Amino acid sequence: MSELVFTNVTVRFGHHTAVDDVSLTVPAGQVMGLVGESGSGKSTLAATAVGLRKPTSGHISADGKVQMVFQDPYSSLDPRMSIGNSIAEAMPRGTDKKAEVARLLDLVNLDPGRATALPARLSGGQRQRVALARALAGRPRVVIADEITSALDVSVQGAVLNLVRDLQRQLGLSMLFISHNLAVVRYVSDRIAVMKAGRIVEEGPAARVLEDPRHEYTRELLAAAPRRHTRLEAS
Amino acid sequence: MRRLTVLRSPVGAASAVLLTVLLALAVFAPILWGDRAAAIDTDALQQGPSADHLLGTDQLGRDIFFRVLVATRLTIGLALLATMIGVVTGLVLGSVPSVLPRWAGRIVTSAVNIAVAFPGLLLALFFAVIFGTGTIGAVLAIAFAITPSFARLTQTLTASVSGRDFIAAARVCGVGRFRLLTRHVLPNIAEPLVINATLAAGSALTAFAGLSFLGIGVQAPSYDWGRLLGEGLNRIYISPAPALGPAVAVVLAGLAFNLFGEAAAAGHRQRSHRAATPQPKTVGSPADGGLLTVRNLHVTFPGGITPVRGVSFSVHNGEMIGVVGESGSGKSLTALAVSRLVEHPGSVTADTLEFNGKPLDSTPDRELGTRLAMVFQDPTTSFNPTKRIGRQLAEVSEVHQGFDRKAAAAKAVDRLDAVRIPEPERRAKQYPHEFSGGMRQRAMIAMGLMGEPQLVIADEPTTALDVTVQREVLKLLARIREVRSAAVLLISHDITVVAQTCDRVLVMYAGRIVEELPTDELFTAARHPYTTALLKAVPDLDTDRDAPLAVIPGRPPEPGEIGRGCPFAPRCPLADDQCRTEEPELRTLRQDHRVACWKSETELAGVR
């Protein structure tokens, strides 16, 4: 089991502070949902956890490897590399790559026989499964999922969410699940953190945050989320 | 197969044939005619063209025609060698900055940037002087003249690929910089590099001929076309053929390389363009007069791809209609067809396509421009970034309504106010980049309100916006409907958004309307298996967290994949043989509720 801990992390781009003194713990084996609007710093925070971006100050610690699944499965797989090779590339040395690729493809419900296919032959949902398999190939203890369903068709999104939940439980992964969609975050997360303008404004167990939001901004987000049985009246 | 596309254009095919001939000559000419080209004939010095010597002879009586043929090998070989050295050096210089430490990379980049500023031929002459006259000197001179532009090209292409997620993904997986370069970056930029190398080979060939002609390239007793040209030129007024022969050879070879490169580049552009063409999307329902009447609308693209296949619906004054569908369903293309915005090579046909009782085809632009407003997904690309917002709005009234500049400007401010943009006078003077996404979308709607729109078509107007902003924009559309009694056609992939705001929903799948029903019945009385599955598959804030989400197996078909039968049949739990062979028409279940499904209502109700 492995925690992912952000301690006083700040990221600045010039004068702009994208992440402002964030301390956040993703508890071992749990899913931390991270919601917030575009520009709130969610993705920048994620990038620091996998080393794609160095924090200006503060530090991040995780016992075990951290892997990431990206938003757009159309750009996160090398179009010139077979999906099997993309997955194998992430494996530690000395792994039986062929067998492991087959196992991982099977794990994400794809036919292992398709390992030699190029990404162009796959649909968006299938590509996102490949991206998940690649993230798992590095045997991570912590996985970061950055808006992984927002580029997918709605009829395909459900299957990917189910898969993420199953895998997380089966493998006991700790997960930081980022999305702007509250309904999606609510569905997969044990705890929810709300980010605004680079800061975490609220964090707590999912049910508590959604039913009894304490920060004004969380209430605003909840009120704005589209609901099926509420008509939106003209302003 | 992809590589052959270049051969399909006449220019590509002709230049490919020419190149093949040149390469064959380069290989075989010295073997076949080497002796004849070298044979000295003191009886036939400096002769003009004759049957024995097609291009005449030189001062040692050697046959110039055969010398031109034999020189193909040296000319082309040297040009290719120079190109290869130049391209490889350029590739190395262009890609090392991504592997080197940052400071070292910067030095290389700056050096390349400076070198790019010098004209290639000037560099070649400069290097020729440094390396000394002779073949090796000329090869290096031309190679290093090509290098800077290739280094720059590599840098630019590398930068464009490096920003993509798959590079970040590989880095997260622990792939090293060198492997990143060789396995991920280079394969993805190879195509434009190869094309440019072909073009560079053409220039190298002519540049080399130039150097030899000037006497600083190939030296006797070796000869290439440039040298033959130089020798022939002395006698050009007496006998032009000895000079024209090699000149024609240089021109033909240069053209062959350049045209082949151009044709390959054109093929490449076409492909990338095709790849970038957005997935066609769309809408539909039956028609019985109203503000907008659409009957049996088809949108077709070359190759028999028909993303919209017989869509019928109508919109009445003051109605708010939602069109729901996934990518490829044809919803956006339906909206574009209704606004006459389907671009070539797409073609639109319909039994009826009427706006305000008149065929859309014959509605003057001016009328359409003021009565119909279109709001797109991405407000960033819908405005001209170099013009002030107020000016862009005012232009609508100047062009379509004949307003003078001042009146149009006043109206623009008024409309910005109407969409509740604070301080509209100040905002009107700002540029699009000074607006946030939500404000820009409001300004877009305000632009639609510059006329007196009876119909607002909004294609995914909130998809690019945050939820809190989304709500404001949706409220604004609802308000326009209420205050101006304009009809709104709201296109969205999000069934919840549509359910919240619209009176009626059209559900599209694979280019057709599969269900149409009043929104307040959506969650209780939807019957089409696709609609009901969609409602169950999308989580909302009330979804049971402990149960798995309902899954629709498979994926929506691409417009090119639609065959016989119901397009949803492969994913449908109820599908039987009839579903797989015959496509159901939209039929009326009861007033306001239509379904395209073979199953009876009892069977369908059972699924829920």
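**Exercise 1. Strand 10 and its partners**

How many bridges join strand 10 of chain B to strand 11 of chain B, and do these strands run parallel or antiparallel? Then work out how strand 10 of chain B sits in this predicted model.

*Solution.*
Step 1: Start with the pairing. Strand 11 (residues 512-518) of chain B is joined to strand 10 of chain B by six bridges, and the two run antiparallel. In this pairing, Val507(B) stands opposite Glu515(B).

Step 2: Look at the turn. The hairpin of these strands has two residues between the strands, and Ala510(B) takes a positive phi near 50 degrees there.

Step 3: Find another partner. Strand 3 (residues 320-324) of chain B pairs with strand 10 of chain B in the parallel sense, over four bridges. Here Gly322(B) stands opposite Val505(B).

Step 4: Check burial. Arg504(B), Leu506(B) and Met508(B) point one way, Val505(B), Val507(B) and Tyr509(B) point the other way, and all are buried. Because six of the six residues of strand 10 (residues 504-509) of chain B are buried, the strand is largely enclosed by the rest of the structure.

**Exercise 2. A charged residue to place**

Is Arg309(B) buried or exposed, and which residues does Arg309(B) touch, not counting those up to four places away in sequence?

*Solution.*
Step 1: Locate Arg309(B) in strand 2 (residues 305-315) of chain B.

Step 2: Count neighbours. Arg309(B) has 20 C-beta neighbours inside 10 Å, so it counts as buried; the cut-off is 20 or more.

Step 3: List the contacts. Leaving out residues up to four places away in sequence, Arg309(B) touches His298(B), Gly511(B) and Arg512(B).

Step 4: Return to the hairpin. The C-alpha atoms of Arg309(B) and Ala510(B) are separated by 8.2 Å, although the two are 201 residues apart along the chain.

**Exercise 3. Two packed helices**

At what angle do helix 4 and helix 5 of chain B pack?

*Solution.*
Step 1: Helix 4 (residues 120-131) and helix 5 (residues 135-162) of chain B pack at about 145 degrees, with their axes 8 Å apart. The crossing is right-handed.

Step 2: Inspect the contact. Helix 4 of chain B contributes residues including Phe127(B) and Phe131(B), and helix 5 of chain B residues including Ile142(B) and Phe144(B). By class, this contact has 14 nonpolar, two polar and no charged residues.

**Exercise 4. Where the chains meet**

Which helix of chain B gives the most to the side that touches chain A?

*Solution.*
Step 1: Set the scene: 49 residues of chain B are in contact with 46 residues of chain A.

Step 2: Helix 17 of chain B gives the most to that side of chain B, with nine residues.

Step 3: Sort the side of chain B by class, and you get 26 nonpolar, 10 polar and 13 charged residues.

Notes: Residues are numbered from 1 along each chain as its sequence is written. Chains are lettered from A and ligands numbered from 1 in the order in which they are written. This is a predicted model: local features need pLDDT of at least 70, side-chain atom pairs count only at pLDDT 80 or more; totals for chains, interfaces and linings use all residues. Axes are lines fitted to C-alpha atoms, for helices over the stretch in contact, and angles run from 0 to 180 degrees between N-to-C directions. A crossing is left-handed if the near helix is turned anticlockwise from the far one by less than a right angle, and right-handed if clockwise. Two residues are in contact if their C-beta atoms, placed from the backbone, lie within 7 Å. Ala, Val, Leu, Ile, Met, Phe, Trp, Tyr, Cys and Pro count as nonpolar, Asp, Glu, Lys and Arg as charged, and the others, Gly among them, as polar. A residue is buried if 20 or more other C-beta atoms lie within 10 Å of its own, exposed if 12 or fewer, and partly exposed in between; C-beta atoms are placed from the backbone. Two strands pair if DSSP finds at least two bridges between them.
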